[in-house]
Amino acid sequence: MVIAKSPDSDTVGFTHRYLDVDKLNKSLDKVTKDGAAYAEVRLVAYTDYSATIRDGKLERAIPGQEIGATIRVLADGAWGVHSTTDIASLEQQMNPTLKLAQSVAARRSSKDRPISLAEVPIIEDSLHWKPKKDVRNTELSERLELLNLLSDSASGHDNVVSVTCGWHDEHIHTEFLSSEGMNRTWSFQRSLINGMVTARDGGDVVSYRTRFGGEGGLELIESCDINQLGVDAKTSALRLLKAQRAPSGKMPLIADRDLTGVYIHEALGHPCEADLVAAGDSCLDGKLGHKIGSDIVTVIDDPTIRGGYGAHPIDDEGLDTTEKCLIKNGILTEYLNHRETAAHFDLKPNAGARAQDGLHHPLVRMSNTLIHGGTHADLDELVEDLDYGVYACGSRGGQVDTGRGSFQFAAQEAWLIENGEITKPLKDVSVSGLTLQILKNVDGLTRESKLAAPGFCGKGQTVPVGDGGPIMRISEALVG
Amino acid sequence: MILLPDGALERLQAGCKTIGDRCNALGINSWEVVATQSYGHQIDIEGGKISLAAGGGEGGFGIRILDDGKFGFAYLVDVNSADTAIKSALSIARMSPSVPGFVLPSAQSAQQVSDLYDSSVVDMSSEDLLIQADDIISEVASLDKRAVVTGGGIGVSANASAIFSSEGVDAAGVTTSHGVGVQVSIDEGGQLTSSWQSKSSRSKITQANECVARAVQWANLTRDPIKVETSGNDSVVMMTSEGFSPLFSVVVPNAIRGEKLVREESFWSGHMGNNVIASDLSLVDNARVPGGRSSGARDDEGVPTRKNSLIEQGRLVGSLWSTRDAAQQIAEGRIDIATSTGSAIRSGHQSPPVSGCSNLFLTSSQKGHSYEEMLEMIEDGYIVNSVMGAHTANPTSGDFSVTTSSILRVEGGEVIGAVKQAGLSGNLANALKDGVTLGDEVRPQGSYSSGSMYLPNVLLRNGLRVNPV
């Protein structure tokens, strides 16, 4: 049932513990004696606040609190998992979860490889990424002031029929205990502001979305030039009203930072997730050490980039996060791993485990993924060599079939490139291709690489991610 | 493990009443408390074997309060912290704009919808699910020894919910669901093809064979692709229910929300009473379908549900409203008359209600056709069974540009082979305007926005562009 100790005014801060460590350690010891090879309890307490204004009026504001915990038990080479908001029941659920794992193990054939976990350092500590301005202390009036600034700057044109602006901040507190003696507590915050401008001209209606945010407190939003964010969104929406439908076919493509980030997230990041590789659902199976991209392509996934929307100090198996270099000069160098896949492939674990919240078990996930910069000075230098192509900007999201290695991502707006110049605005541009072909077609990158707008990634569970890189040129892509 | 603990619903109702009492004690006259609690068992399959078994429950409470047309909302997990949440909601209400005429729904009797609860689902244990998962793995192997279930699983859940308000709304119930999803891959000769298929029901699924067989069939049909010598032409496309529903669910539920229509944020804005799609097509939202995936006796603010006719014979005749959306759009002068259509939806206890669809049906007054009959109608075109990137479609304009690796080339009414990959683009609102033929078998599908899509196979003759790799 819904019985949970809530985050309240007494617990605002960073030191409070929700789990009864002594009692749960005894339960973890007992379940190990009863047959578990490994057991853990992970609790996540969220305090969040979202607000939406529409055309300058408060539409809704939602303060919330969630708490959930997940028990994982590994026994006889199989997992049992139990998730609950009933924190008081965790000790009682330990043994039923063991039995669940044993039931799975009993159904496995002798040829199935039993699950094991790579060894990791056992750590007992607390680690808190404290923001300069704790977002939990922000008044609704402060949030509305910033939202109104975005709304006002995105409004004010006869063709703009609606401006909706949203806010979301969250304080994430995690506690982790394991039968191996891990006892860690960590916390951090994320803050996000977004807007959507809808414009209409006769029967034509278009919308443009903008977003800014990352890991951090109120200071992060205050660092944003919100006025410019709104003006740019309005300008883009109005431009889309006059944009032409994109040409289709194979052609050179230049992607801005947002799209470069989505491209590398979809085309490379997902196939690099070792749980998919182990399941036989990745086109990169067996490709470690192989050349899969052009020489100028180096890709990292790094949860330690503070401020990135995918940043987090510790992964959801209790490991210190670290930078992973997925591709170095075109050669596939590393998969994203959690402990299970690291053991499966006999690799060093690299802290790639993330769960959506306290009620989900960890999967192998990306964090902040970006391509390193190249040698081109700027966009103009990438464009000047092209007779014909498309320059695409802003992401509407993407998707990948990791097994086939095919992907798709969509741009918010685009331009035609003709004779070395950016010319007509285009709309409804999407790009698709095959991972193992298109990585080799990257033939130009600007020097500066940085994270673009924050995003969300779905893989059965949704987690915040940061993506980005330089401006990127692909010599041939399928534009739709 | 027991799926649904004894007294679960009663405890949920007691929690609602406790929070309601606290609202009264704090001097709030108009309030509404909703509660949800779900319990489930789940088996995951990866790489051809069961990877884990999971179970558990989650839930919480949402409080909406109303003060002189101003509303505030907060959610919580612990009844003991109700006062903090209520005060937060009240402080938000005081900063919100007043919506004259907005009152919480009054108590009305609602007729139950049948077949939303199946005790045999509740009785299923993790062991039962493990047997079903094993059967799925075996079934796939028996259909094609090369085929492997690379992902997916099977799960059951019991979902208790309650609503209790100062206006006398007091309702509660438990629904069940049982779902199967399989990603089947065939990896042979350096060529990997795959297909995802799923099935969900309020009652116990005893046979998942049809869903499994379709996954194996499409993993096979898309092998050995042929080269197609066309480039980006407008094409005739038959989209299976599974391929069509993701695009349809991003675009259409948004377009028929009342507030979107009156705010000119829908491509059908300004067209009430006019023909907007082919004259034989109709669109109905019906939350009262027995056993429907998104059925219920009441909507998510307690208003009795009903069958809402939205498009009749191609003509836009209705739209979907929640209580607040209706009051707000009247107050802001965008429409003279609007009332709740029993179409309030929430994403659980964590959000206040908005307008949205339940079970959305696209139907035709013409005779439905079998897959084979529809295939014969295609002289030169394609069949698409799934798309990538449907969520990137633009719900405001109806424009989309997606990719498919589950596409067959058709010439002279016959499938001549698979296409490795193709871009598929167009505008869904335009594509539905004429030249549409529907299949004879409606299959319920999920949604990227709200509700469930009840769609047959759809043959679209206009406005779709296919660009094979």
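## Domains and chain contacts in a predicted two-chain model

In chain B, 23 Å separate the centres of domain 1 and domain 2, taken over C-alpha atoms. The model is predicted: local features need pLDDT of at least 70, side-chain atom pairs count only at pLDDT 80 or more, and totals for chains, interfaces and linings use all residues. Residues are numbered from 1 along each chain as its sequence is written, with chains lettered from A and ligands numbered from 1 in the order in which they are written.

**Domains.** Bounds come from an automatic or database domain assignment. Contact is a matter of C-beta atoms, placed from the backbone, lying within 7 Å.

| Chain | Domain 1 | Domain 2 | Centre separation | Residues in contact |
|---|---|---|---|---|
| Chain A | 9-242 | 244-479 | 22 Å | 41 residues of domain 1 with 29 residues of domain 2 |
| Chain B | 8-219 | 233-468 | 23 Å | 36 residues of domain 1 with 27 residues of domain 2 |

In chain B, the side of domain 1 that touches domain 2 draws at least two residues from each of β1 (30-46), β2 (49-67), β3 (70-76), β4 (147-165) and β6 (191-201). Helices (H or I, at least four residues) and strands (E, at least two) are DSSP runs, numbered from the N terminus. β2(B) gives the most, with 5 residues. By class, this side of domain 1 of chain B has 18 nonpolar, 14 polar and 4 charged residues. Ala, Val, Leu, Ile, Met, Phe, Trp, Tyr, Cys and Pro count as nonpolar; Asp, Glu, Lys and Arg are charged; the others, Gly among them, are polar.

In chain A, 41 residues of domain 1 are in contact with 29 residues of domain 2. Contributors of at least two residues each to that side of domain 1 of chain A include β1 (38-54), β7 (204-215) and α5 (226-242). The largest share, 7 residues, comes from β7(A). The class split there is 22 nonpolar, 9 polar and 10 charged residues.

**Between chains.** 63 residues of chain A are in contact with 72 residues of chain B. On the chain A side, strand β2 (residues 57-75) gives the most, with 11 residues. That side has 23 nonpolar, 26 polar and 14 charged residues. Strand β3 (residues 78-84) of chain A runs parallel to β2(B), joined by 6 bridges. Pairing takes at least two DSSP bridges between strands. A:Gly80 stands opposite B:Ala53 in β2(B).

**A buried glutamate.** A:Glu175 sits in strand β5 (residues 160-178) of chain A. A:Glu175 counts as buried because it has 23 C-beta neighbours inside 10 Å. The cut-offs are 20 or more other C-beta atoms within 10 Å for buried, 12 or fewer for exposed, and partly exposed in between, with C-beta atoms placed from the backbone. Beyond residues up to four places away in sequence, A:Glu175 touches A:Arg17, A:Tyr18, A:Leu19, A:Leu43 and A:Thr185.

Terms used: Contact = placed C-beta atoms within 7 Å.
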